[in-house]
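Trainee: I should like to learn how to read salt bridges and surface patches in a structure. Please show me the model first.

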Amino acid sequence: MKLECRHLTKNFGEGEKETRIISDVSFEIKEGEFLCILGPSGCGKTTLLRIIAGLMEPTFGEVIFSGNKNSGPINSMVFQEHGVFPWMNVIDNVAFGLEMQGVPRKERYTQSLDFLKRVGLSKYAFRNPHELSVGMRQRIAIARAFVTNPAILLMDEPFGSLDAQTRLILQEELLKIWSEHKKTVIFVTHDIDEAILLGDRLLVMTSVPGRIKEIIAIGIDRPRDSRMESTPEFINMRLRIWNSIRSEVEKAMQEDTGDAEN
Amino acid sequence: MTLRTDRVYPLVLPLLSLMGLLLLWELCGRLGLLNPLFFPVPSLILLRFIAMLADGEIQANLTITLFRLFTGFLLGTIPGILIGLLMGASEKIRLLLDPIVAATYPIPKLAIFPLLMIIFGIGEFSKIMAIAIGCFFIVLINAMAGVKNINKVYFDVAKNYGASKGQLFTRVILPASLPMIFTGIRLALGMSLIVVVGVEFVSANYGIGAIIWNGWETFEIEKLYVGIFLCAILGILFTVVLKRVEMRITPWFGHLAYRDQE
């Protein structure tokens with residue numbers, strides 16, 4: 001499925017306190033493409049993703065989905081704070097989206113178990129999430145999103161709270177699952193290496209109000225894995241992106257200190 | 001080996017301190033350090049307890065007290081939980097009912113007991129209603145707070161996966177607020193013990209409250225203590241049983257891995 005964002009703008013607050021979080025964001029994403037969105041903290045990345053997910057209305061602009069619709073929902077989102085329900089066991093969490101679609105229990109367990117195998121958690125299927133680590137819970141959230149077979153997968157810094165090693169492993173796992181399913185993915189991150197490793201294209205956002213600064217094609221051959229991080233083309237790309245985003249990060253930091261002084 | 005001591009200590013140590021206190025009391029009494037008019041020694045109280053048990057006085061009074069307590073408790077908590085959940089989930093219902101709750105909640109429940117006797121007569125129903133009203137507000141306020149404190153990400157997940165209003169309620173709102181509902185239930189059980197004894201002081205021929213009151217009126221100090229000890233034992237039993245149930249139903253609550261999220 002193809003997705004087009006046209007002039008997305010979002011204001012928060014009312015009257016004098018009204019502030020613009022994202023401003024005039026327009027872009028297209030092709031079927032099967034992995035798009036990363038990179039920007040300084042507080043630039044409205046999450047807001048943009050929430051608008052695309054339909055969890056929030058834009059102040060102006062529109063989101064247009066077009067093309068082939070498959071059996072699943074239009075989008076499934078993996079949240080920053082994974083949002084795995086502690087009151088359900090692992091498999092019921094993974095099957096939650098299917099349950100909401102009315103898939104019978106046996107069927108949704110079969111499908112969920114299949115995805116649990118893929119993220120290496122099948123033997124924890126009937127355990128409770130609080131018995132597992134944060135990394136494992138984030139894998140549950142990813143399996144939950146994939147298993148509904150959405151046309152577009154939205155991921156909001158899903159690995160942000162993980163330690164570096166776990167993050168590397170999950171990034172590679174995600175790449176593997178993605179290459180098997182060729183889903184359209186929008187992946188929000190503030191980690192340059194993560195964006196290069198995962199993305200086909202990279203959308204760089206300015207500091208708040210977030211606008212599109214530029215869209216960079218990563219152009220590194222797939223399949224990719226973390227060992228590529230020391231290759232010249234990876235390092236060049238990292239520099240290229242850092243040069244693009246550096247001024248935005250500095251601006252964001254100045255705004256922060258400015259606020260602190262007020 | 002360590003496992004054994006780990007399991008034995010939590011059982012033995014609290015008992016040890018209780019036994020020690022009773023022993024000290026007995027000793028001081030025997031040595032004439034305590035006025036037996038106010039502080040009869042525990043062994044005498046125990047003898048009285050056994051005598052009252054033998055002639056069935058304890059059983060008869062305990063039965064009627066427990067009947068009042070649990071009938072009132074159920075009559076108050078069930079609607080309290082339901083209305084509390086609704087008030088937490090719906091802003092409109094909250095705005096509608098909050099003023100009534102805020103105005104009536106602070107009234108001490110014993111203060112309206114005479115009014116209840118006028119309305120419902122001096123039989124069982126007025127006593128049960130006093131307990132029910134006491135429980136109602138406590139569980140209502142806790143259930144409402146339980147819903148309002150639910151992490152927003154759980155609502156996002158439910159919405160993103162297309163949960164209907166009914167599914168949102170049964171799969172997210174109700175289980176997510178269970179820990180707070182339990183807090184309400186625990187407080188309500190304590191409250192029902194207070195209220196049942198209070199109303200039995202005033203208008204009952206039977207019941208634990210009546211035992212204590214009777215002990216005061218006839219100056220049978222041991223009998224009075226038997227009543228007080230019965231209250232203490234009931235209080236401890238309620239706490240222990242509820243803790244067990246709570247651990248069963250909400251095993252994730254207070255768990256380190258989820259504490260930062262709730």
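Mentor: We shall take the salt bridges of chain A and then the surface of chain B. This is a predicted model, in which local features need pLDDT of at least 70, side-chain atom pairs count only at pLDDT 80 or more, and totals for chains, interfaces and linings use all residues. Residues are numbered from 1 along each chain as its sequence is written, chains are lettered from A and ligands numbered from 1 in the order in which they are written, and side-chain values use heavy atoms, with hydrogens and water left out.

Trainee: How many salt bridges does a search of the whole structure find?

Mentor: Side chains of opposite charge can pair when their charged atoms come close. A salt bridge here is a side-chain nitrogen of Lys or Arg within 4 Å of a carboxyl oxygen of Asp or Glu. The search finds 25 over all chains.

Trainee: Which residue forms a salt bridge with A:E28?

Mentor: The partner is A:K2, with the closest N and O atoms 3.7 Å apart. A:E28 lies in strand 2 (residues 19-29) and A:K2 in strand 1 (residues 2-12) of chain A, so the pair ties together parts 26 residues apart in sequence. Strands (E, at least two residues) and helices (H or I, at least four) are DSSP runs, numbered from the N terminus.

Trainee: What is the relative accessible area of A:E28?

Mentor: A:E28 has 40% and is partly exposed. Buried means under 20% relative accessible area, exposed over 50%, and partly exposed in between (1.4 Å probe, protein chains only). A:K2, at 33%, is also partly exposed.

Trainee: Where does A:E214 lie, and where A:R240?

Mentor: These two side chains meet in a salt bridge (3.2 Å, N to O). A:E214 is in strand 9 (residues 212-217) and A:R240 in helix 8 (residues 232-261) of chain A, 26 residues apart.

Trainee: Which residues of chain B form a nonpolar patch on the surface?

Mentor: Such a patch joins nonpolar side chains (Val, Leu, Ile, Met, Phe, Trp, Tyr) within 5 Å, from residues with over 30% relative accessible area and no salt bridge. B:V8, B:Y9, B:L11, B:V12, B:L13 and B:L16 form one, with about 590 Å² of accessible area together, by the Shrake-Rupley method with a 1.4 Å probe, only the protein chains shown counting as cover for residues. B:L16 is in helix 1 (residues 2-30) of chain B, and its 55% relative accessibility makes B:L16 exposed. Chain B has 11 helices and 0 strands.

Note on methods:
Patch = residues over 30% accessible without salt bridge, like charges linked within 9 Å, V, L, I, M, F, W, Y side chains within 5 Å.
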